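Student: I have the file open and want to go through the strands first, then a few residues. Can you take short questions?
Tutor: Yes, go ahead.

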Amino acid sequence: MNLRKSLISMAVLTATLGLTACGGGSGSDNGGGTTTPPPANTAPTDIALSASSVNDDAVGSVVGTLSASDDSASGLSFAVASDDTLFEIVDGTTLKLKDGIALNYEQQTDALVTVTVTDAGGLTFSEELTIS
């Protein structure tokens, strides 16, 4: 009888040593439930500018503050084309005329600038804005 108890105890001990902290499963069985994938990053969908005009002949004038529609409000960066001769972005979100540049309504009623926003995931959206 003692031998039989000893064999049963040994079998139980051997079986329990094979269990892992996750309950002994292989990790491939999720209990029949569905796991939710992490949300996918989507590209920004719009660019807004707080103002769309500058005073006539105001050299280096600030146009306004840029913002964008994105699934994450943080980690956005704005840029204008490297060959843009009129505008620049300073302090991350401020669109302004470059130093020494002014718009003159008699010479040009509107100026166009293409702004590109990039989100933290590297996805981009570009929009042409009209400044008057």
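Student: What is the strand order in the open sheet of 3 strands?
Tutor: The order is β3-β6-β7, and the pairing is antiparallel. Strands here are DSSP runs of E with at least two residues, helices are runs of H or I with at least four, and both are numbered from the N terminus. Two strands pair if DSSP finds at least two bridges between them.

Student: Which are the edge strands?
Tutor: β3 and β7 (124-131), each of which pairs on one side only. From one strand to the next the twist averages 30 degrees; axes are lines fitted to C-alpha atoms, for helices over the stretch in contact, and angles run from 0 to 180 degrees between N-to-C directions.

Student: Before going on, what kind of model is this?
Tutor: This is a predicted model, in which local features need pLDDT of at least 70 and side-chain atom pairs count only at pLDDT 80 or more, while totals for chains, interfaces and linings use all residues. Residues are numbered from 1 along each chain as its sequence is written, and side-chain values use heavy atoms, with hydrogens and water left out.

Student: Back to the sheet. How many bridges join β6 and β7?
Tutor: There are 8 bridges between β6 (residues 111-118) and β7, in the antiparallel sense. Thr 118 has Thr 124 of β7 as its bridge partner, and Leu 112 has Thr 130. The two strands form a hairpin with 5 residues between them, and Gly 122 in that turn has a positive phi of about 90 degrees.

Student: And which strands pair with β5?
Tutor: β2 (residues 62-69) pairs with β5 over 3 bridges, antiparallel, and β4 (residues 87-90) does so over 4 bridges, also antiparallel. Gly 64 is bridged to Leu 95 in β5, and Val 90 stands opposite Thr 94. β4 and β5 make a hairpin with 3 residues between them, where Asp 91 in the turn has a positive phi of about 55 degrees.

Student: Are the faces of β5 covered or open?
Tutor: Both faces are covered. Thr 94 and Lys 96 on one side are buried, as are Leu 95 and Leu 97 on the other. Buried means under 20% relative accessible area, exposed means over 50%, and partly exposed lies in between, with a 1.4 Å probe and protein chains only.

Student: New topic: where is Asp 84?
Tutor: Asp 84 sits in the loop between β3 (77-80) and β4. Asp 84 is buried and has no salt bridge (a side-chain nitrogen of Lys or Arg within 4 Å of a carboxyl oxygen of Asp or Glu).

Student: Which side chain of opposite charge is nearest to it?
Tutor: Lys 98, at 5.4 Å. Lys and Arg count as positive, Asp and Glu as negative, and His and the chain ends are not counted. Beyond four places in sequence, Asp 84 is in contact (heavy atoms within 4.5 Å) with Lys 98, Leu 112 and Val 113.

Student: What about Thr 42, buried or exposed?
Tutor: Thr 42 is partly exposed, at a relative accessible area of 41%. Thr 42 lies in the loop between α1 (2-17) and β1 (46-49). Leaving aside neighbours within four places in sequence, its contacts are Asp 70, Asp 71, Asp 119 and Leu 123.

Student: Last one: how many helices and strands does the chain have?
Tutor: The protein chain has 1 helix and 7 strands. Of its 132 residues, 20% are buried.
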